[in-house]
Amino acid sequence: MPETSEHSAAAGHRFDTVLIANRGEIAVRIQRACRELGLKTVAICSEADREAPYGSTADSFLCIGPSSAAKSYLNQDAILLAARLAGAGAIHPGYGFLSENAAFADAVEKAGLIFIGPTASSIAIMGDKISAKRAMMAAGVPCVPGPDTALPDDPSTIERIALEIGYPVIIKAAGGGGGRGMRVVPKADLLHEAIALTREEARKAFGSPSLYMEKFLEHPRHIEIQVICDDHGNALWLGHRDCSMQRRHQKVVEEAPAAGIAPDIIQPVGMACVQACLQIGYRGVGTFEFLYEDGAFYFIEMNTRLQVEHPVTEMTSGVDIVQAQIRVAQGHVLDLNQGDVTCEGHSFECRINAEDPETFLPSAGVVTHLALPTGPGIRVDTHIHAGYKVSPYYDSLIAKLIVHAPTRAEAMTRMREALAGTEVEGISTNIPFLRALFEDGAFAQGETDIHYLEQWLKLRRAA
Ligand code: ADP
């Protein structure tokens, strides 16, 4: 991005060193973006990650605690102390861990550092799915039918709400995340039990019993819109992604753009997201998640952070989302206009996980052999190498395989080639499962819904 006098004048929050409060492939990705922007980096690790390759390429590398994430990557005091010791002026939280923790964003700013993300109050509003829904309805973003208030205790009022929405309904925890804290209710006689179970789960897992109810859409696709906003009243959307290939509400394969959605249908939704950002004073990158069914979009939640699947948008839009995120945190004016954003070709991302391809149970151990694909339109985001020890403490994501090609069909072919050229030995991975999925006819056709993958797995098991 060119440095102009306008940009320099607008830059209010200068920092030259970034602490990356994360691990794995995203720590590598952020470190690269920082270096390309001429910034110094501070890598942190738990005891389990002492040998992490991004430690030796960072300007400083500090071990901040034991292997358990609660005592290291989630330990706010230890991270702030590391930032102070290493002279960092900003903290990038990556995804997961503390990335959507409003109290942490607040503590970072109170410590006189820049949090590379939205303000604590934006995180808090969007982190509560009920207040997010309310803010989106107020901004004119289409939402799933159902009230934008928490469910009351009174059983008869709850029954009335469900009848008004119409069965099937879904009960969701206001503080839920990671695909947890949700329960589908197909008919009235299962309503109260579902509420009691979800409330208990929500209390235990998210520290709040607050629930809400909405229509359960039976055959939707998961479509999301990537946004980026600066601190000067500029907001853009960078196109859309389809993340319908899910197992247990967790994304497995993502693509951009979403297939078969006409520009005149998605355009107003993208612009509504931009308007919503301006209305809530949003800063940084974010994703609006929608369910899409019978030609209509329904907002479900906003992620106030960089997402795992951001590369498919980088491949199609040509925008380096991580660099842009860091620059807006520095106070720069976005140097793109909406008219400059043109998405080209098609991109897929496969999440390569250290897990059994049949049972999906995590697989830890040493990678004894690693071969990664190369060639035009192929990108691999990873932190592993031959000899790397996959520890059992964290998420099983070990690499992201990303391809880009002019058309969806060509991108699928390229992904088949890339998967064929990927070899990981010493641990189990989901590569055989991904190879089989990319041979599937319905997936090749496109426009499969969020239940497709689970049904496909069931049929494969039965065969
Ligand atoms: P989380 O924050 O846990 O990811 P989301 O609200 O984003 O929860 O929902 C995760 C997934 O659950 C969606 O991608 C979709 O598959 C399913 N889901 C959520 N809400 C509904 C709904 N109203 N109808 C049908 N499926 C839903």
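Start by selecting Tyr394 in this predicted model. With a relative accessibility of 11%, Tyr394 counts as buried, because buried means under 20%. Now add Tyr73 to your selection: at 0% relative accessibility, Tyr73 counts as buried as well.

Look at the two rings together. A search of the whole structure turns up 13 aromatic pairs. For Tyr73 and Tyr394, the ring centres are 5.5 Å apart and the planes meet at 80°, so this pair is edge-to-face. Trace the chain from each ring, and you will see that the pair links distant parts of it. Tyr73 sits in the loop between strand E3 (60-65) and helix H4 (76-86), while Tyr394 is in the loop between strand E18 (389-390) and strand E19 (397-405). In sequence they are 321 residues apart.

Next, select Phe290 and Phe297. Are they buried or exposed? Both Phe290 and Phe297 are buried. Their rings form another edge-to-face pair, with 5.9 Å from centre to centre and 85° between the planes. Widen the selection to Phe288, Tyr292 and Phe299, and you have a cluster: ring pairs link these three with Phe290 and Phe297.

Now move to the ligand and show what is around it. How many residues surround the ligand? There are 22, and the closest are Lys172, Gly179, Lys215, His222 and Glu301. Colour this shell by residue type and you should find eight nonpolar, seven polar and seven charged residues.

Try showing the strands too. Strand E6 (169-173), strand E8 (211-215), strand E12 (284-293) and strand E13 (296-303) each supply at least two residues of the shell. Then colour by domain: domain 2 (145-215) and domain 3 (221-462) both give residues to the shell, so the ligand lies between them.

Zoom in on some side chains here. In Glu214, a side-chain N or O atom is 3.1 Å from a nitrogen atom of the ligand. Gln246 places a polar side-chain atom 3.0 Å from a ligand oxygen atom, and for His249 the distance from such an atom to an oxygen atom of the ligand is 3.1 Å. Taken alone, the ligand exposes 560 Å², and the protein buries 96% of that.

For the last stop, select Glu200 in helix H9 (residues 191-206). Glu200 has 34% relative accessibility, so it counts as partly exposed. Add Gly181 and draw a line between the C-alpha atoms: Glu200 and Gly181 are 9.4 Å apart in space and 19 residues apart in sequence.

Technical notes: Residues numbered from 1 in each chain as written. Predicted model: local features only at pLDDT ≥ 70, side-chain atom pairs only at ≥ 80, totals over all residues. Heavy atoms only, no water. Near = heavy atom within 4 Å. Polar contact = N/O pair within 3.5 Å; in protein donor to acceptor, adjacent residues only side chain to side chain. Areas by Shrake-Rupley, 256 points an atom, 1.4 Å probe, with all protein chains shown as cover. Helix = DSSP H or I, 4+ residues; strand = E, 2+ residues; numbered from the N terminus. Nonpolar A, V, L, I, M, F, W, Y, C, P; charged D, E, K, R; others polar. Domains from an automatic or database assignment. Buried < 20%, exposed > 50% of the residue type's maximum accessible area, 1.4 Å probe, protein only. Phe/Tyr/Trp six-rings, centres within 6.5 Å; stacked < 30°, edge-to-face > 60°.
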